[in-house]
Amino acid sequence: STIMRNILILEVKSYYCKYFMHNSVNPASRMGATFTNYYNKLFLFGGLLSSEKSDLWMLEIRNKVYTWKKIKYSKDIAFNPRYGHTCVLFNNSLYIFGGNMNLKKIKYPLEDILIYNIKTNTMKIGSFKNDKYGYNPSRIYIPQRRNHIAQAIGWNMIVHGGIDISKEYLKENHGDVNEEEIRVNETEIKNMDIHGNVLNDFMALDLISFKWMNLSNIVYKIKGKKKHSINGIPRVYHSSCLVLSYENLLKGNKLNIYKKNTYVKDDPLENEEFEEKQKFEIKYEGIYIFGGLDDYLKDTNNLFILHCFRNPLVFFEPVIDGAPPSPRHLAVMNFNKILNFITIYGGKDLYNIYNDLFILDIMNFQWIKIELFGPESICGRMGHCGGIINEKLYIFGGCDENNKYPSAQVLCIELD
């Protein structure tokens, strides 16, 4: 039963993990890449090794043996390799947004969108439709950014936070700010991570009409305060995952982020005495956001939820029992729809790089620290990527305690 399953989850304190052997050529280890699940196949794009990457790989797991396949896609125009980007799935296509590129040793956040069509094996740059005068009055400016978060709900890609580039800093170092001059200037900008603006906005891209819009109709309930605002919580290097009920998973691209979930009669945000004997396991559907650096570049361990399928949307911090993960950034966050919990793996703070695993039981809202065991020693890592297939969590890449790239093997953590 549902109740028994959650009781069993709370009793499990350790998970088995190991590196899987592969029978093919594998991609080089890297950090800042993305893993995207498409029908139980994981697509790896981009990342940073000695330089940024633009390669695309597919990982397929059969009979406990994984096989890498490098995708040689066709493209209609040249684009920048990148890391620190995001990738979402919509209509059999990967939508890759933003990220970072290094040109002439200068870190420069991006604002373009790459679209890889899995069916046709083609890559293109998304373009905005203009009117007859060559201008798109409906296009809202979205700051270039990297190390943000993004999730696709229905036909909308929701983006939050990240870091842009400070034009004041560039002007001090390069004179008048001109994008073309910046890109070819050979002077190295040191510590660019702290010379950008940590963003707090929620933006949405309509993946059908390809128009940006501000998600301004949000009620923020933070520390007991309730207000309408477009000013969210500033975060960079944070983590996120999308949590949907089984019914809404079936709706897929037809979901409307503002349409109330007809499967839940009583909204737990409006009814303080939420019925314990609910028919559904998920109290709050939407985007779950964890950790990251705030605008003071301080590590955080708050968990926020952008509660969707209601108008207005609600952004709040739930009460969670148990000891949470320590404050950190560059962790991996995934939702396991079969086991109905969220995993947080790895990440770093000012002094440590972690190899720990936490789960969040989203029915009882309780943090549980999991002990990992297996035949090999597991290094800590940050900036890695992770994907869920059935009851297993797959981890690839990242950077370890010695500021080196770990093995290019795939780490598998068995969650069942």
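Met58 stands opposite Lys69 in β5, and that pair is a handy way into this predicted model. The two strands involved, β4 (residues 56-62) and β5 (residues 65-71), run antiparallel and are joined by seven bridges. They make a hairpin with two residues between the strands, where Asn63 takes a positive phi near 55°.

**Another hairpin, and a covered strand**

Further along the chain there is a second hairpin to look at. β13 and β14 form a hairpin that also has two residues between its strands. Here the turn residue with a positive phi is Gly154, at about 60°. The pairing of β13 with β14 is antiparallel and covers five bridges. If you want a spot to check by eye, take Ile149, whose bridge partner in β14 is His160.

β14 doesn't stop at β13. Five bridges also join β14 to β15, again with the strands running antiparallel, and in that pairing Ile158 stands opposite Ala204 in β15. So how covered is strand β14 (residues 156-160), counting its buried residues? Five of its five residues are buried, which makes the strand mostly covered. In a regular strand the side chains alternate between the two faces of the sheet. In β14, Asn156, Ile158 and His160 point one way, while Met157 and Val159 point the other way, and all of them are buried.

**A small void next door**

His160 turns up again when you go looking for empty space. Rolling a probe the size of a water molecule over the atoms shows where empty space is left. Searching the whole structure turns up two cavities of 30 Å³ or more. The second largest of them has a volume of about 30 Å³.

Which residues line the second largest cavity? They are His160, Ile233, Arg235, Ile289, Phe290, Gly291, Asn302, Phe304 and Phe315. Sorted by class, that lining has five nonpolar, three polar and one charged residues. Two strands, β20 (286-293) and β21 (299-307), each supply at least two of the lining residues. β20 gives the most, with three residues.

**The five-stranded open sheet**

Another part of the fold is an open sheet of five strands in the order β6-β12-β11-β8-β7, with mixed pairing. Its edge strands are β6 (74-75) and β7 (86-90), each of which pairs on one side only. β6 runs parallel to β12 (residues 122-125), and two bridges join them. One place to see this is Ser74, whose bridge partner in β12 is Thr122.

**Salt bridges**

How many salt bridges does the structure have? The count comes to four. Three of them are listed here, with the distance between the closest N and O atoms.

| Salt bridge | Closest N and O atoms |
|---|---|
| Arg82 and Asp112 | 2.8 Å |
| Arg145 and Asp201 | 2.8 Å |
| Asp356 and Arg328 | 2.7 Å |

Start with the salt bridge of Arg82 and Asp112. Arg82 sits in the loop between β6 and β7 and Asp112 in the loop between β10 (106-109) and β11 (113-117), so this pair ties together parts that are 30 residues apart in sequence. Arg82 is buried, and so is Asp112.

Next comes the salt bridge of Arg145 with Asp201. This pair links distant parts of the chain, 56 residues apart: Arg145 is in the loop between β12 and β13 (149-153), and Asp201 is in the loop between α3 (179-184) and β15 (202-206). Both Arg145 and Asp201 are buried.

Then there is Asp356, which forms a salt bridge with Arg328. Asp356 belongs to strand β25 (residues 353-361) and Arg328 to the loop between β22 (313-316) and β23 (332-336), so to speak distant parts of the chain, 28 residues apart. Asp356 is buried, and Arg328 is too.

**Cysteines**

A disulfide is a covalent bond between the sulfur atoms of two cysteines. How many disulfides does the structure hold? Zero. Are Cys87 and Cys385 buried or exposed? Cys87 counts as buried because its relative accessibility is 14%, under the 20% cut-off. Cys385 is buried as well, with a relative accessible area of 5%.

Methods:
Residues are numbered from 1 along each chain as its sequence is written. This is a predicted model: local features need pLDDT of at least 70, side-chain atom pairs count only at pLDDT 80 or more; totals for chains, interfaces and linings use all residues. Side-chain values use heavy atoms; hydrogens and water are left out. On a 1 Å grid over the protein atoms alone, a cavity is a set of points where a 1.4 Å probe fits but cannot get out, and a pocket is an open set with protein on both sides within 12 Å along at least five of seven lines; lining residues have an atom within 4 Å of a point. Grid points are joined across faces, edges and corners, and a volume is the space filled by probe spheres set on the points. Helices (H or I, at least four residues) and strands (E, at least two) are DSSP runs, numbered from the N terminus. Ala, Val, Leu, Ile, Met, Phe, Trp, Tyr, Cys and Pro count as nonpolar, Asp, Glu, Lys and Arg as charged, and the others, Gly among them, as polar. Two strands pair if DSSP finds at least two bridges between them. A salt bridge is a side-chain nitrogen of Lys or Arg within 4 Å of a carboxyl oxygen of Asp or Glu. Buried means under 20% relative accessible area, exposed over 50%, partly exposed in between (1.4 Å probe, protein chains only). A disulfide is a pair of cysteine sulfur atoms within 2.5 Å.
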